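User: I'd like to learn how to read a fold from its strands, helices and contacts. Can you walk me through this one?

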Amino acid sequence: MAVLRQEADPGEAGLDAKALQRLDRELARRVDAGELPGFLVAVARAGRVAHLTTYGARDLAAGLPVEPDTLWRIYSMTKPVTTVGALMLVEDGLLSLDDEVGRHLPAFAEPRVYVDGSGDRVRTRPASGPLLVRHLMTHTAGLTFAFYHAHPVDALYRAAGLESSVAPGTDLAGTTDVYAGLPLLFDPGTRWNYSVATNVLGRVVEVVSGSPLDVFLAERVFRPLGMTDAGFEVTDAQAQRLAELYGETDDGIEPVPGTPLRGRPRFLSGSGGMVASAHDMHRFMEMLRRHGELDGTRLLRPETVRLMTRNHLPGGADLRSAGVPPHDDPGNEGVGFGLGVSVVVDPSRTREPSGLGSYGWSGVATTTFWVDPGRDLTVQFYTQVRPRSSHTVYRDLKRLVHEALTD
């Protein structure tokens, strides 16, 4: 086990200590108000952690505090990790961004697009072109989530039992076959809709590599980077460090069921199945910040990381203009999407202060990370609350971190 530690004085790293105290006070206020159980926040410049704060509880009932080695369900922060794994296969020459998904997963060989109707009276048409691997990485595949209530296809996902994105009683292979039997929202590559696409990408990784997703990522990503706690399950020894998961209620927060992590899961979700520590994700972010290499270990070539972290949306659009409801909201202005990560394309239009080219992603339990190449900055934040709507903590986090920058 390795633990994240502060390595530099804030002033030496171009950070204002008083501004960082304001950041900590605002996050602690949310804990004291019962909005969050506890948190960990870490800010690094040039790879050195210059601010690390833990506060509150990882388990309120047991009275256990958040500590630097606390383990977190990172949910959708799994997506960039899965994408890196797939890009490694691209570099190996075993996969191409322009491979038809149907070449590796035959159930996707003839995708169809929703036209109209509902239930048994749905009409579809053949897609105008094939579903490609790059469409999975960029969420332009036309897939969706069952928990949306914005499109008739969302209801078809619910009818198929995909409320939690896994078909009951199936593994990753079986679930992706269920996805393939449902119509797409739009022709592949034409719009943006955040979706189960990275689960499909995880299955492509399995087929192409010949290894289960958890084994592949452990051998090719976690171990080489020294991500000592990262994975899809927790051991008995790790379980005592795992944060409890909470959900928002009218009266505050209360424990809710989380992704099963005791014992190897049958369904290996490349979309949201990982658990990790702050140390693990610092190592992952550093590999990306350093253009694919860390401590002499290279996972990706610099040109691959540059490709991953530039906007790939049709016509260079941002998420608001390229996205279908519910993604067409003002909070998505100025932000595009790369391969597995969001990318800031116009800081003047973003809701919170952002650096041009900054990239990262968040998880449904209110975890987030970003890398700002222009400022040599990496930031990560963890708590464990599934909000009923979008959480304002991200906006305050970005604003207060940017206020702390002195250079």
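User: Let's take the three-stranded open sheet: what is its strand order, and is its pairing mixed or not?

Analyst: Strands in a sheet pair through backbone hydrogen bonds, and the pairing can be parallel or antiparallel. In this predicted model, the order is β8-β7-β17, and the pairing is mixed. The edges are taken by β8 (252-255) and β17, each of which pairs on one side only. On the β17 side, β7 (residues 246-249) runs parallel to its partner, and two bridges join them. To find the register, look at G247, which stands opposite R386 in β17.

User: What is the order in the sheet of eight strands, and which strands stand at its edges?

Analyst: Read this open sheet as β3-β2-β1-β16-β15-β14-β13-β12, with antiparallel pairing. The edges are β3 (64-65) and β12 (335-337); each has a single partner strand, so one side of each is left without a neighbour in the sheet. At the β3 end, β2 (residues 48-59) pairs with β3 in the antiparallel sense over two bridges. One bridge there puts D59 across from its partner L64 in β3.

User: What about β1: how many bridges join it to β2, and how many to β16?

Analyst: Eight bridges join β1 to β2, and the two run antiparallel. On the other pairing, β1 and β16 are antiparallel too, over six bridges. You can pin each register with a residue: A42 has L52 as its bridge partner in β2, while A44 has T378 as its partner in β16. The hairpin of β1 and β2 has two residues between the strands, and A46 takes a positive phi near 50° there.

User: Which residues of β1 point which way, and are they buried or exposed?

Analyst: Follow the side chains along the strand. G38, L40, A42 and A44 point one way, F39, V41, V43 and R45 the other, and all are buried. That is eight of eight residues in β1, so the strand is mostly covered.

User: Which helices lie across this sheet?

Analyst: Take two. Helix α10 (residues 278-289) lies across β1 (38-45), β2, β14 (359-363), β15 (367-372) and β16 (377-382), and runs at about 155° to β16. Helix α13 (residues 393-404) lies across β1, β14, β15 and β16, at about 35° to β15.

User: Let's zoom in on A50. Where does it sit, and what does it touch?

Analyst: A50 belongs to strand β2. Its relative accessibility is 0%, so A50 counts as buried. Leaving out neighbours within four places in sequence, the contacts of A50 are Q6, A8, D9, P10, A13, L15, V43 and A44. For A13 you can also check the backbone: the C-alpha atoms of A50 and A13 are separated by 6.5 Å, although the residues are 37 apart along the chain.

User: And T383: where does it lie, and what does its side chain reach?

Analyst: T383 lies in the loop between β16 and β17 (385-386). A loop residue can still be covered, and here T383 counts as buried because its relative accessibility is 0%. Its side chain reaches the backbone oxygen of G38 at 2.6 Å. Beyond four places in sequence, T383 touches L36, P37, G38, W72, A365, T366 and T367.

User: Is S165, in its loop, buried or exposed?

Analyst: At 10% relative accessibility, S165 counts as buried. The loop in question runs between α5 (152-159) and α6 (172-180). Its contacts, again beyond four places in sequence, are F145, T175, Y179, V196, N199 and F267.

User: How do I read helix packing, say for α2 and α8: what is the angle, and which residues make the contact?

Analyst: Start with the axes: α2 (residues 78-91) and α8 (residues 213-225) pack at about 90°, with their axes 10 Å apart. The two helices are therefore roughly perpendicular to each other. α2 brings V81, T82, G85, M88 and L89, and α8 brings F216, L217, R220, V221 and F222. Sorted by class, that contact has seven nonpolar, two polar and one charged residues.

User: One last hairpin: how many residues lie between β5 and β6?

Analyst: Six, and G117 in the turn has a positive phi of about 90°. β5 (residues 112-116) and β6 (residues 123-126) pair in the antiparallel sense over four bridges, with R123 of β6 as the bridge partner of D116.

How values were computed: Residues are numbered from 1 along each chain as its sequence is written. This is a predicted model: local features need pLDDT of at least 70, side-chain atom pairs count only at pLDDT 80 or more; totals for chains, interfaces and linings use all residues. Side-chain values use heavy atoms; hydrogens and water are left out. Two strands pair if DSSP finds at least two bridges between them. Contact means heavy atoms within 4.5 Å. Axes are lines fitted to C-alpha atoms, for helices over the stretch in contact, and angles run from 0 to 180 degrees between N-to-C directions. Buried means under 20% relative accessible area, exposed over 50%, partly exposed in between (1.4 Å probe, protein chains only). A polar contact is a pair of N or O atoms within 3.5 Å; within protein, one must be able to donate a hydrogen and the other to accept it, and residues adjacent in sequence count only if both atoms are side-chain atoms. Angles under 35 degrees count as roughly parallel, over 145 as roughly antiparallel, 65 to 115 as roughly perpendicular and the rest as oblique. Ala, Val, Leu, Ile, Met, Phe, Trp, Tyr, Cys and Pro count as nonpolar, Asp, Glu, Lys and Arg as charged, and the others, Gly among them, as polar.
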